[in-house]
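Colleague: Before I use this model at the bench, can you take me through the terms in it? I'd like to hear what each label rests on.

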Number of protein chains: 4
Amino acid sequence: MLLQSELLDFFNETRAQSELICSFLETEDYVVQPIVDVSPPKWHLGHTTWFFEEFVLKPYKNDYHLFDDHSAYVFNSYYESVGEKVIRTDRGNLSRPTVAWVYKYRNYVSKALKDFIESEELSPEILEVIEIGCHHEKQHQELLYTDIKYILGNNPLFPKYNDQFEENPIYDFPQEWISVEKGNYDIGHNNTDFCYDNELGRHTVYLADYQISNKLVTNKEYIEFIEAGGYKDVLLWHAEGWDWVNTNQISAPSYWHNIDGDWHQFTLQGLQKLILDAPLSHISYYEAFAFAQWKGLRLPTEQEWEVANSKFNWGSRWEWTESAYSPYPGYSKAPGALGEYNGKFMVNQKVLRGGSVATSNKQTRPTYRNFFHAPLRWQFTGIRLAK
Amino acid sequence: MLLQSELLDFFNETRAQSELICSFLETEDYVVQPIVDVSPPKWHLGHTTWFFEEFVLKPYKNDYHLFDDHSAYVFNSYYESVGEKVIRTDRGNLSRPTVAWVYKYRNYVSKALKDFIESEELSPEILEVIEIGCHHEKQHQELLYTDIKYILGNNPLFPKYNDQFEENPIYDFPQEWISVEKGNYDIGHNNTDFCYDNELGRHTVYLADYQISNKLVTNKEYIEFIEAGGYKDVLLWHAEGWDWVNTNQISAPSYWHNIDGDWHQFTLQGLQKLILDAPLSHISYYEAFAFAQWKGLRLPTEQEWEVANSKFNWGSRWEWTESAYSPYPGYSKAPGALGEYNGKFMVNQKVLRGGSVATSNKQTRPTYRNFFHAPLRWQFTGIRLAK
Amino acid sequence: MLLQSELLDFFNETRAQSELICSFLETEDYVVQPIVDVSPPKWHLGHTTWFFEEFVLKPYKNDYHLFDDHSAYVFNSYYESVGEKVIRTDRGNLSRPTVAWVYKYRNYVSKALKDFIESEELSPEILEVIEIGCHHEKQHQELLYTDIKYILGNNPLFPKYNDQFEENPIYDFPQEWISVEKGNYDIGHNNTDFCYDNELGRHTVYLADYQISNKLVTNKEYIEFIEAGGYKDVLLWHAEGWDWVNTNQISAPSYWHNIDGDWHQFTLQGLQKLILDAPLSHISYYEAFAFAQWKGLRLPTEQEWEVANSKFNWGSRWEWTESAYSPYPGYSKAPGALGEYNGKFMVNQKVLRGGSVATSNKQTRPTYRNFFHAPLRWQFTGIRLAK
Amino acid sequence: MLLQSELLDFFNETRAQSELICSFLETEDYVVQPIVDVSPPKWHLGHTTWFFEEFVLKPYKNDYHLFDDHSAYVFNSYYESVGEKVIRTDRGNLSRPTVAWVYKYRNYVSKALKDFIESEELSPEILEVIEIGCHHEKQHQELLYTDIKYILGNNPLFPKYNDQFEENPIYDFPQEWISVEKGNYDIGHNNTDFCYDNELGRHTVYLADYQISNKLVTNKEYIEFIEAGGYKDVLLWHAEGWDWVNTNQISAPSYWHNIDGDWHQFTLQGLQKLILDAPLSHISYYEAFAFAQWKGLRLPTEQEWEVANSKFNWGSRWEWTESAYSPYPGYSKAPGALGEYNGKFMVNQKVLRGGSVATSNKQTRPTYRNFFHAPLRWQFTGIRLAK
Ligand SMILES: [Fe+3]
Ligand SMILES: [Fe+3]
Ligand SMILES: [Fe+3]
Ligand SMILES: [Fe+3]
């Protein structure tokens, strides 16, 4: 756990970073919600602030006055035990509170929390909730990037976010197989520094011999799959993946545009020619699985990934694994609202490992378990193969 | 038809009025589209501008340069013959172009059009299209009011629009029946000044004896209907009205809120106690019909309304009639894109007559035929009874 | 009104006819409901029987014992005032009661009703309800034909119904225009013999000069429309018709199949080559309207149709009119359950006039007002043009 | 693998059993499909027959003549690689081929296959496909029971299937915990006799210490959960389980009816008073999980279940496990159509272990992996707890 003085720095840095991310937006960009999975940037800014007010200031700070009685209502999310929530699809229909209001709300809560940390010695319990709140905000920073990309990238004018954000590292080194021998391995977090409850309970697993790639699948390899008719061969797909392809008429990764025969990609730097040596991004689990089938290979399990992770570079794409998101042995949810966070999503989701170009470096650790529904593509998702 | 000099005034007044209406909004309010029938105010401002660019400047003005190549794409609407359109439900997902951009676009087009009117003598054909463009913008001004009301009135914070807009006149005069004798009557527009194609073709109809009320149904009378169980008596409703009531769990007009036993109404002035003597507003055709059934009366036809209109006051609510929206005898659509305007909607809609507190006075004339689908309630719609 | 002795014959003939229609079916054909508008033949047989039990035997016959307590529940329809109904889409999921049970139910009720007519002198009120019950059953006989056609014609094996049922008369006489002069005309039923409440209230209408075709549009003419790109020209269609065409990928009338370049049609006699000189059938109102637009003509109103009907042959197809289904002047629904019958459907439906090859001759009279939603095509619907 | 002579007996017994199951049905019961997961009994009989024709007789038997060219089309299922399929939801709309036809088809194929087995020595490859076909038919026998239960149990008349089928064993012995020590265990099928591809690849897993109940949860215990408000406590449910409960207004297991305060259950013997000591049945995975949460316990994984299975009785209910359905290490699908069988469903499904009162004894073995989507309840599903 962080010291109180370290926490203040962490808090200040976290709050500033969210605002830096949004500094490249127009007011209008803060408001819209083109699909249910994407939240308006305004909402992310308010919601992460509400978290500190609801779980730190309200219960623990003497004489704290709420900035506004309605804020909890509008910026609450899935924490249904706290109170009535705004239906998620409605977020994009709320023009009020305004962006200016949200920034005032942020400043008010940030100041109150800084005062709180600076003015008295806080109990470990309070320090822990504040640290969770910072990590929570960092998670939403990743969503800010991906949601902004969705909002801009689905606008017919293809406005760019800025010139600095670099999505596409060059992966021109050779592909190799890393071998791991069968045996018992320990995985999971050892709980010495911050992690989420779903990583806890370090435990033994038995793994058979396997090999895992040192390199993510590149755009170039994926074009081969497309050109070989991968999207049209039913035998490569899960039954529900095949339905998904046909219902949604999918024929390429998200953000790809074939303009006069040339593949382009919308990036946060705007619409560009596709970089062939960059790691593939914005594909669903169904596509990851079909690509692996086509190669005669497979996706790793999350256990295989974690055991081998020190032997390859990762961090530019969230990597779909074959593992469904389930509780680790001995998992039990924390009591109360914070405890709802992870356990309630442990059905019908796939685990992703690694982290992406949009992930805060505080959120990338070998034990981190990200999870999404199989068809989702708005995150920076990619493929690492195993056999 | 207006003289060229009159048209300039009309144009200037119209353009200024749209901007005045929007001057009470926050930037965020311009962007959202909570339901498909409501368009973002930003879109109305751009779309009415696009109309002048597309149908006047582009075809007729020498050396006119488009403000921006993409504008037609984003601000086109149902005129599918002009080019590909943005799907209507998508309007609320477009954060760009920004509000500031839209105002620049308006200024550019307004200036170009003023120059055009001032600098040369225009043909009657051009003058007519400009006049249509002004009426088109005035129609969208009414939608601006009703769409703004929807956007603010469905926000949990209930923000008010301004303090000036008065929705609710007091109707405390006695109800009386106006009798009209059977016989042949002529209805429709005589085409001496501006009207829409659907009003044209003045023609004879035969009407039997009838009586029509001098007064719109008030909120007080409608509360009696609610309290008598009107929403729960299947025998009062059309079969599809009954489905609508139950599927959507309707139990009061739109914008009504029962707070601790007292009826309140969201208005453009904010949430208020319901004014009992004000004319009822925001009800569907199904509700209008059911109320009439409950009274043992009926709605007038549009012919009955038009023949008697000089004998009663109207103009605060659009009045649902029993008439389905059909072409008048001899109706034929004008060729080309402008001609698409009315004929293509002549199925499964109900005619409304009169005009509302949100209607421009240029749009309220005895022959004007408004039309909406039976379940829609976001307009200022009311009930006048007949027997 | 019929004499009591005539009514007995009418009843016997009606009951026998329903059973004759079904005598060509396999047991399985009685059970299924492929779309919501089509009811299982078993249901029609039970429902028409329930009508006599519910509205005649139960209220009027002393000591009548219900055949079974559950029958009302399963065979009730939209008469919601009588009791809870089985949701219409569920009819096809009910394997019980069996077909054999339904025939026993029919026999029991038919016998009880015959006894009732033969054994005592019935009041005019009772006689009227029995006569309505017979007409009701005759209406369901038409639905039996069209629903059976749908059930068989949407089976991939294309089983034929029988060899006798002739759908396609030959229309090889020349097309001519019948002129009607402007003036006041009376339409509606004079109430001397049986009719439905929606035909009543003979009343005056004023009609302008018009011309109406002596001949229904043929398959040959409709092929010209298809080949001229009629289904692809947005300008010919209502906005909602255009949506319907595209959403459902409509490119020909229902039951048409293009097999190796030749148009075929599924008929009750099985799959056949399309007969070019037969009147077009199984088209929606949207298609009827678009065809008329393409010809530069229009559909007649129901008033125009009724005034001119004696001057042309009709009866092989239900003819879409331009008229929306509305109450005649002075219409008021009858009290109680029977009265629900017509008024509750008077919104968003189009009137059809004439009658089809499937219509009982008791149901074809010049004043009869049939009505369907604009997209429906499973009836024998056709086009007569006007100008 | 079975000897050829044993296989003949197995084949004969299997075919006779399907027909015995259906011998209690009315013709109408064979036809309907009330929900997409339930297939008409007629379809099961035809489909299992088609399997033998398609995969045995057609490829391997000289001079075999298809019974009918259309059969493959109508009775194919998800094996999309074989040819175009009838959409699953359409099965219940097909009145043809008739039940009588299906029995003729069965007899024809059964006779041809018996002749084939009796007349020549078959290769191991052929014997294997025939054996798979028998197991395939036995799987469909279980579906026959559950689908028939759904068809009859959702009919408002609640017809019983027969008096013999016993669903509800009495579980009145005491509940005890069986302890298993941590360590490496081998699971999966050893491939000495018949199994499915998803069981293959016997492999090592490491398990931590755990305890598993000797007894399934009973109806009595589940009533306690209901009465304690289990369906109303959001904290017990997965997020998507909570949505499911509220969207579908679930408040009890499937087939339960509270009649005047007493719980009843529809069984294949008809509607009965609920037997309190019988094992709970017809609950979704969401309900199984919520019940375990309420108890402060959990569901076992499929590995835990398999390792401990010899220490408790099982076989009356399919037992939901916490395990998502994933491939075993080294799993690769068999080439061709038969190989599609299992792998394509390995996403978003939960594994169930054990077997139910409807399961053929050939299908209940400790390694058998059944799988269903989380919300499904029409199978005989139950709960065994672990900790
Ligand atoms: Fe959050
Ligand atoms: Fe417009
Ligand atoms: Fe009926
Ligand atoms: Fe199968």
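What follows is a chat about the metal sites, the chain copies, the contacts and the cysteines.

Modeller: First the ground rules: this is a predicted model, where local features need pLDDT of at least 70 and side-chain atom pairs count only at pLDDT 80 or more, while totals for chains, interfaces and linings use all residues. Residues are numbered from 1 along each chain as its sequence is written, chains are lettered from A and ligands numbered from 1 in the order in which they are written, and side-chain values use heavy atoms, with hydrogens and water left out.

Colleague: Fine. What makes C:His47, C:His136 and C:His140 protein donors of the iron ion (ligand 3)?

Modeller: A donor is an N, O or S atom within 2.8 Å of the metal (3.2 Å for Na, K and Ca). The NE2 atoms of those three histidines lie 2.2 to 2.3 Å from the iron ion (ligand 3), so they count as donors. Bear in mind that water is not among the atoms, so sites may look incomplete.

Colleague: How are the donor residues of the iron ion (ligand 3) spaced in sequence?

Modeller: The pattern is H-x88-H-x3-H. C:His136 and C:His140 are four residues apart in helix 5 (residues 124-153) of chain C, which means about one helical turn separates them. A helix here is a DSSP run of H or I with at least four residues, a strand is a run of E with at least two, and both are numbered from the N terminus.

Colleague: Why are C:His136 and C:His140 called buried?

Modeller: Buried means under 20% relative accessible area, exposed means over 50%, and partly exposed is in between (1.4 Å probe, protein chains only). C:His136 and C:His140 both get the label buried, so each has to be under 20%.

Colleague: Which residues coordinate the iron ion (ligand 2)?

Modeller: B:His47, B:His136 and B:His140 do, through NE2 at 2.2 to 2.3 Å. B:His47 sits in helix 2 (residues 41-60) of chain B and B:His136 in helix 5 (residues 124-153), 89 residues apart, so that pair links distant parts of the chain. Both B:His47 and B:His136 are buried.

Colleague: And what coordinates the iron ion (ligand 1)?

Modeller: A:His47, A:His136 and A:His140, with NE2 atoms at 2.2 to 2.3 Å. Along the chain these donors follow the spacing H-x88-H-x3-H. A:His136 and A:His140 are both buried.

Colleague: How do you know how chain B and chain A are related?

Modeller: Copies are superposed by least squares on the C-alpha atoms of residues with pLDDT of at least 70 in both. A rotation of 180° with 0.0 Å of shift along its axis puts chain B on chain A, at RMSD 0.0 Å. The two copies are thus related as by a two-fold rotation axis. In chain B, B:Glu28 comes closest to that axis, at 3.0 Å for its C-alpha.

Colleague: What makes something a contact between chain B and chain A?

Modeller: Contact means heavy atoms within 4.5 Å. By that rule, 27 residues from chain B and 27 residues from chain A take part. The copies meet through the same surface, because 100% of the interface residues of chain B are also interface residues in chain A.

Colleague: How much area do chain B and chain A bury between them?

Modeller: About 2300 Å², with 62% of it on carbon and sulfur atoms. B:Glu28, B:Arg96 and B:Leu157 supply 30% of what chain B buries against chain A, more than any other three residues. Buried area is the accessible area (1.4 Å probe) that two parts lose on being put together, summed over both.

Colleague: What about chain D and chain A?

Modeller: Those two bury about 2500 Å², 56% of it on carbon and sulfur atoms. D:Tyr206, D:Val347 and D:Asn348 give 21% of the area that chain D buries against chain A, more than any other three residues. The contact involves 32 residues of chain D and 32 residues of chain A.

Colleague: Which distance separates the closest C-alpha atoms of chain A and chain C?

Modeller: They lie 14 Å apart, and no contact joins the two chains.

Colleague: Last one: why is D:Cys22 not in a disulfide?

Modeller: A disulfide needs two cysteine sulfur atoms within 2.5 Å. The sulfur of D:Cys22 is 17 Å from the closest cysteine sulfur, in D:Cys134, so that is too far for a bond. D:Cys22 also counts as buried, because its relative accessibility is 0%. Searching the whole structure turns up zero disulfides over all chains.
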